[in-house]
Amino acid sequence: MENKELIAHCKEKAMAWLAPSYDSATQTEVKTMLDNPDKTELIEAFYKDLEFGTGGLRGIMGTGSNRMNIYTVGAATQGLANYLNKCFAGKQPSVVVGHDCRNNSRKFAEITADVFSANGIKVYLFEDMRPTPEISFAIRHLGCQSGVMVTASHNPKEYNGYKAYWEDGAQVLAPHDTAIIDEVNKIKSAADIKFAGDKSLITILGKEMDDEYLRCVKTISIDPQVIARQKDLKIVYTPIHRNTVLYDVIKEEQAGLVSVDKYPFSFTVFASHAYTVGIGVGSHYDIGIYLFCQFNGECQRFCIFGVGRNYCGEVSATYHLLFYAMYILETPKAERLRNKHHTCSVNRSVHYLKVFLTRDDLRVDGNGFYATQVFVVHFFA
């Protein structure tokens with residue numbers, strides 16, 4: 001497409017956002033783009049629609065059809081609501097909605113809840129940010145048909161995202177994914193979106209769901225005695241962007257974990273930089289031998305390092321899952337877990353994993369220790 005044609009295409013799309021169905025602040029921003037001699041911002045905002053794919057939405061926040069905003073989030077939710085009402089005709093569908101702590105995440109979650117409820121769908125909205133795995137758990141625990149998590153994980157701060165889940169607590173798969181995409185693509189403007197929520201259909205979830213989540217996790221610990229024996233294990237834990245629910249899990253003695261030291265540091269790096277941070281934190285606070293555990297912004301990916309006096313060794317995600325599978329297959333106590341969850345897939349997303357670390361499988365030497373088998377010992381109910 002020639003540049004003149006591209007600009008004309010974007011102008012035409014932008015003009016549609018001056019309709020009364022769009023709020024005045026949005027219209028003002030669109031007019032500014034149209035009046036600006038430099039059309040770069042206009043092109044980036046309107047050259048295409050933000051695509052709803054099998055993973056949902058993800059993009060830079062801002063005004064325009066190619067941005068994450070209340071209208072693109074509303075369109076995605078309206079399409080999903082239309083599909084749910086078709087799939088479950090004759091009954092009232094229900095959904096769970098959660099979010100992380102990114103800019104606008106709460107706003108997008110509330111918009112999502114409003115659009116669902118405006119379409120007659122029962123909504124369970126978490127009161128504050130929660131990790132993605134708890135959203136999956138709540139969908140299954142409450143018997144919901146779908147769910148949404150507003151998050152862009154560990155993407156840069158300019159981004160946000162929207163993940164759609166099915167009744168099994170996993171992200172939507174075939175044939176539902178393509179059918180939902182078709183419904184979302186039918187939403188052509190803000191006039192097609194029902195924004196006027198029905199508050200009587202929205203229930204707020206809080207501590208009671210957190211407690212039930214933790215209770216169910218603890219009932220399926222493969223070997224609580226292993227964890228209970230490790231009273232001297234130190235863990236330095238950080239959640240990127242402060243999604244701290246997992247810290248509350250780890251520090252609970254009855255959850256099977258032990259001494260966890262909380263230090264006053266904060267950072268927003270992941271994976272490639274965690275090695276440096278892990279060593280730096282330990283050196284600064286003179287912790288000694290410890291495990292450094294870091295989750296991403298939505299707490300469903302993680303990295304772990306074993307840190308000794310003169311050693312720091314990473315246990316990669318591939319090895320985490322390999323060790324987990326080996327432990328499940330080789331441990332007699334895990335038989336009930338294998339039988340109960342044989343249909344659950346184990347993949348890098350770790351949607352159904354709850355991480356607790358033990359030291360029975362850490363080899364200690366004079367300079368520190370390195371991990372020979374760090375494994376997951378909790379699995380979602």
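How many aromatic pairs does a search of the whole structure find? In this predicted model, the search returns nine such pairs. One of them joins Y83 and W166, whose ring centres are 5.8 Å apart and whose planes meet at 45 degrees, so the pair is classed as tilted. This pair links distant parts of the chain, as Y83 belongs to helix α4 (residues 70-87) and W166 to strand β5, with the two positions 83 residues apart in sequence numbering. Both partners are buried: Y83 has a relative accessible area of 11%, and W166 one of 7%. Because the cut-off for burial is under 20% relative accessible area, Y83 at 11% falls within the buried class.

Ring pairs also link W17, Y22, F46, Y71 and F195 into a cluster. Within this cluster, Y71 is located in helix α4 and counts as buried at 7% relative accessibility. Leaving aside residues up to four places away in sequence, Y71 touches W17, S21, Y22, D23, T26, A190, I193 and F195. The C-alpha atoms of Y71 and F195 are separated by 9.5 Å, although these residues are 124 apart along the chain.

The protein chain as a whole contains 13 helices and 14 strands. Of its 381 residues, 54% are buried. Its accessible surface amounts to about 17200 Å², and carbon and sulfur atoms account for 51% of that surface. Among contacts between residues at least 6 apart in sequence, 70% join residues at least 24 apart.

Six strands form an open sheet with mixed pairing, in the order β1-β5-β4-β2-β3-β6. Strands β1 (57-60) and β6 (202-205) occupy the edges and have a single partner strand each, so one side of each lacks a neighbour in the sheet. From one strand to the next, the twist averages 15 degrees. Strands of a sheet pair through backbone hydrogen bonds, in either the parallel or the antiparallel sense. Strand β2 (residues 94-99) pairs with strand β4 (residues 146-150) in the parallel sense over five bridges, and V97 stands opposite V148 of β4. Helix α6 (residues 132-141) packs on the sheet, where it touches β2, β3 (122-126), β4 and β5 (159-166). The direction of α6 makes about 165 degrees with that of β4.

Strand β2 also pairs with β3 in the parallel sense, over four bridges, and V96 is placed opposite Y124 of β3. Five of the five residues of β3 are buried, so this strand is largely enclosed by the rest of the structure. From β3, K122, Y124 and F126 point one way, whereas V123 and L125 point the other way. K122 lies over the face of Y124, at 5.4 Å from the ring centre.

F126 of β3 is also one of the contacts of M209, a residue of helix α8 (residues 207-219). The C-alpha atoms of M209 and F126 are 9.0 Å apart, while the two residues are separated by 83 positions along the chain. Apart from residues up to four places away in sequence, M209 touches F126, E134, F137, A138, H141 and L142. M209 is itself buried, with a relative accessible area of 6%.

In helix α7 (residues 176-185), the buried residues are D177, A179, I180, I181, E183 and V184. The elements that cover these buried residues include α4 and β5.

Two local backbone features complete the description. Most residues other than glycine have a negative phi, and most peptide bonds are trans. The peptide bond from A174 to P175 is cis, with omega near 0 degrees, and P175 is situated in the loop between β5 and α7. N104, although not a glycine, has a positive phi of about 75 degrees. This residue, N104, is found in the loop between β2 and α5 (105-118), and at 33% relative accessibility N104 counts as partly exposed.

Key:
Residues are numbered from 1 along each chain as its sequence is written. This is a predicted model: local features need pLDDT of at least 70, side-chain atom pairs count only at pLDDT 80 or more; totals for chains, interfaces and linings use all residues. Side-chain values use heavy atoms; hydrogens and water are left out. Two strands pair if DSSP finds at least two bridges between them. Axes are lines fitted to C-alpha atoms, for helices over the stretch in contact, and angles run from 0 to 180 degrees between N-to-C directions. Contact means heavy atoms within 4.5 Å. Rings of Phe, Tyr and Trp (its six-membered ring) pair if their centres lie within 6.5 Å; planes under 30 degrees apart count as stacked, over 60 as edge-to-face and the rest as tilted. Buried means under 20% relative accessible area, exposed over 50%, partly exposed in between (1.4 Å probe, protein chains only). A charge sits over a ring if NZ of Lys or CZ of Arg is within 6 Å of the ring centre and within 35 degrees of the ring normal. Accessible areas come from the Shrake-Rupley method with a 1.4 Å probe; for residues, only the protein chains shown count as cover.
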